[in-house]
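Subject: A structure for you to explore

Hi there,

Here is the structure I promised to send you. Have a look at it first, and then read my notes underneath with the model open beside you.

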Amino acid sequence: MSEERSKQLFAKALERIPGGVNSPVRAFWAVGRQPFFVERAQGPWIIDVDGNKYLDYVCSWGPGILGHSHPEVIEAVQKVCEKGLTFGAPTAGEVELAELICTCVPDVEMVRLVSSGTEAVMSAVRVARGFTGREKIIKFSGNYHGHSDGLLVKAGSGFMTHSVPDSAGVPAGYAASTLTAVYNDEKSVRRLMEENRGQVAAVVVEPVAANMGVVPPKAGFLEFLRRITEEEGALLIFDEVITGFRLALGGATQYTGVHADLHTFGKIVGGGMPLAAYGGRRDIMACVAPLGPVYQAGTLSGNPVAVTAGITTLKILMDDQGIYERIDRRACRLAEAFLKEGLAVNRAGSLLSAFFVPGWDVEQTDAVYAGERRENGPFVKNYEDACGCDRQAFADYFNRMLERGIYVAPSQFEAMFVSDAHSDGLIQETCRKIGESVRQGAGKPPVEKFSD
Ligand SMILES: *Cc1c(COP(=O)(O)O)cnc(C)c1O
């Protein structure tokens with residue numbers, strides 16, 4: 001595996017870009033190596049500048065549900081580019097994408113397009129504050145909602161990977177209005193609500209957490225959040241930047257049956273381009289400027305090229321609903337392969353994480369949590385559990401997988417994403433390589449990479 005060109009590029013990048021990367025987890029620090037630089041990607045494959053080819057289970061951290069460079073998406077984007085890249089004035093595509101989002105997620109009656117998930121959640125929180133006239137919000141440790149000041153408290157994957165609890169540079173005042181509860185722990189939410197009665201604007205939650213590894217909500221947890229927010233006059237915000245159009249076409253609400261007041265989308269909704277969205281109840285969204293008093297704007301919001309990628313992707317998903325059954329089934333097979341190696345596995349739909357829990361005893365847990373193990377493993381149920389994982393064991397596994405031509409996220413605290421381009425045959429080969437990579441004594445040199 002030659003890494004010469006990637007190494008050269010990284011050396012130059014370190015001179016001009018902090019850490020050599022434009023988003024921290026890309027730096028591969030947690031797995032003790034340097035990142036590869038990508039040349040191109042096609043279907044389930046990603047090819048680096050040295051010609052190495054990897055089967056990609058990162059999928060750009062979520063957007064790639066169809067695999068890379070889907071021909072229909074690429075063609076639509078190329079065509080729309082010829083008309084111009086940005087106008088700063090309304091286009092038909094924005095209306096079409098808004099209608100598609102509202103059709104897929106019926107709780108979203110009105111929607112505003114923005115350019116990143118960070119912006120979407122930041123704006124949804126502002127709207128919740130404007131609507132309720134309250135200042136505080138409740139979030140969960142280990143849930144990530146982008147890097148806006150008020151939400152960078154106990155914020156999951158990037159921080160966990162780099163062992164930094166919270167970001168420097170966030171004024172104490174911002175953090176003070178962000179209350180942090182424990183995921184899957186109803187008591188912690190009730191306590192914060194009682195201590196701050198009449199002051200909580202919203203509870204913001206990843207309905208299936210996927211930024212401390214995948215941690216599904218335990219039975220009744222989201223229903224509880226729905227109930228207590230209603231009782232306390234607060235809004236419930238589902239941050240669906242990962243789960244939207246991923247767990248189902250209708251996202252977490254379709255998957256869990258629980259309704260939220262506001263939803264945020266990103267990743268898949270932009271079809272690989274910088275686009276995100278927030279929306280929800282009409283009376284709440286009526287607060288957004290110019291209709292209402294909550295200001296939110298963007299020079300490139302609803303960018304026509306990004307909108308086209310989003311529309312094309314959503315239409316493909318709508319026309320082929322068998323896709324969710326396929327990717328879920330394939331993720332299930334990967335989960336089985338990890339379970340066979342004795343790892344703790346959490347899965348929700350096509351999102352999964354295998355946790356390297358020290359002293360983990362499958363047999364014992366089987367007895368205690370019989371029946372619950374596969375879909376909703378309770379062994380890693382919150383941030384604290386996730387923090388207990390063996391990071392070195394994960395790093396060893398990551399490196400063995402990479403040597404075998406498989407790219408998984410370079411952190412214990414990220415999801416493994418399955419796309420429709422991961423064929424049954426590739427999943428089968430992956431399961432075999434999971435066995436080789438996890439098993440004790442797997443230090444043996446890799447026998448072969450993928451033939452094709
Ligand atoms: C990725 C992510 C964000 C931030 O989105 P960006 O586009 O990276 O700003 C917010 N919330 C969740 C749940 C995410 O996974």
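**A small sheet and a ligand site**

Let's begin with one pair of residues: L351 has F417 in β14 as its bridge partner. Before going on, please keep in mind that this is a predicted model.

That pair belongs to a contact between two strands. β12 and β14 (residues 416-417) are joined by two bridges and run antiparallel. In the same stretch, you will find L352 standing opposite M416 of β14.

Now turn to the other neighbour of β12. Strand β11 (residues 344-348) is antiparallel to β12 and connected to it by five bridges. Here L352 appears again, as the bridge partner of R347. Between β11 and β12 there are two residues, and the two strands form a hairpin. Look at G349 in the turn: its phi is positive, about 60°.

How are the three strands ordered in the sheet? The order is β11-β12-β14, in an open sheet with antiparallel pairing. β11 and β14 are the edge strands, since each pairs on one side only. As background, strands of a sheet pair through backbone hydrogen bonds, either parallel or antiparallel.

Is β12 mostly covered or mostly uncovered? Mostly covered: this strand spans residues 351-355, and five of its five residues are buried. You can also follow which way they point. L351, S353 and F355 go one way, while L352 and A354 go the other, and all are buried. This fits a general pattern: in a regular strand the side chains alternate between the two faces of the sheet.

Next, please find the ligand. Around it sit S116, G117, T118, Y144, H145, G146, E206, N211, D239, V241, I242 and K267. This shell is made up of three nonpolar, six polar and three charged residues.

Three side chains in the shell are worth a click, each with an N or O atom at a listed distance from a ligand oxygen:

- T118, at 2.6 Å
- K267, at 2.7 Å
- N211, at 3.1 Å

How much of the ligand does the protein bury? Taken alone, the ligand exposes 380 Å², and the protein buries 82% of that.

If you would like a place to start, select L352 and look for its two partners already mentioned, R347 in β11 and M416 in β14. Then move over to the ligand and pick out T118.

Enjoy exploring, and write back with any questions!

Best wishes

Note on methods
Residues numbered from 1 in each chain as written. Predicted model: local features only at pLDDT ≥ 70, side-chain atom pairs only at ≥ 80, totals over all residues. Heavy atoms only, no water. Buried < 20%, exposed > 50% of the residue type's maximum accessible area, 1.4 Å probe, protein only. Helix = DSSP H or I, 4+ residues; strand = E, 2+ residues; numbered from the N terminus. Pairing = 2+ DSSP bridges. Near = heavy atom within 4 Å. Polar contact = N/O pair within 3.5 Å; in protein donor to acceptor, adjacent residues only side chain to side chain. Areas by Shrake-Rupley, 256 points an atom, 1.4 Å probe, with all protein chains shown as cover. Nonpolar A, V, L, I, M, F, W, Y, C, P; charged D, E, K, R; others polar.
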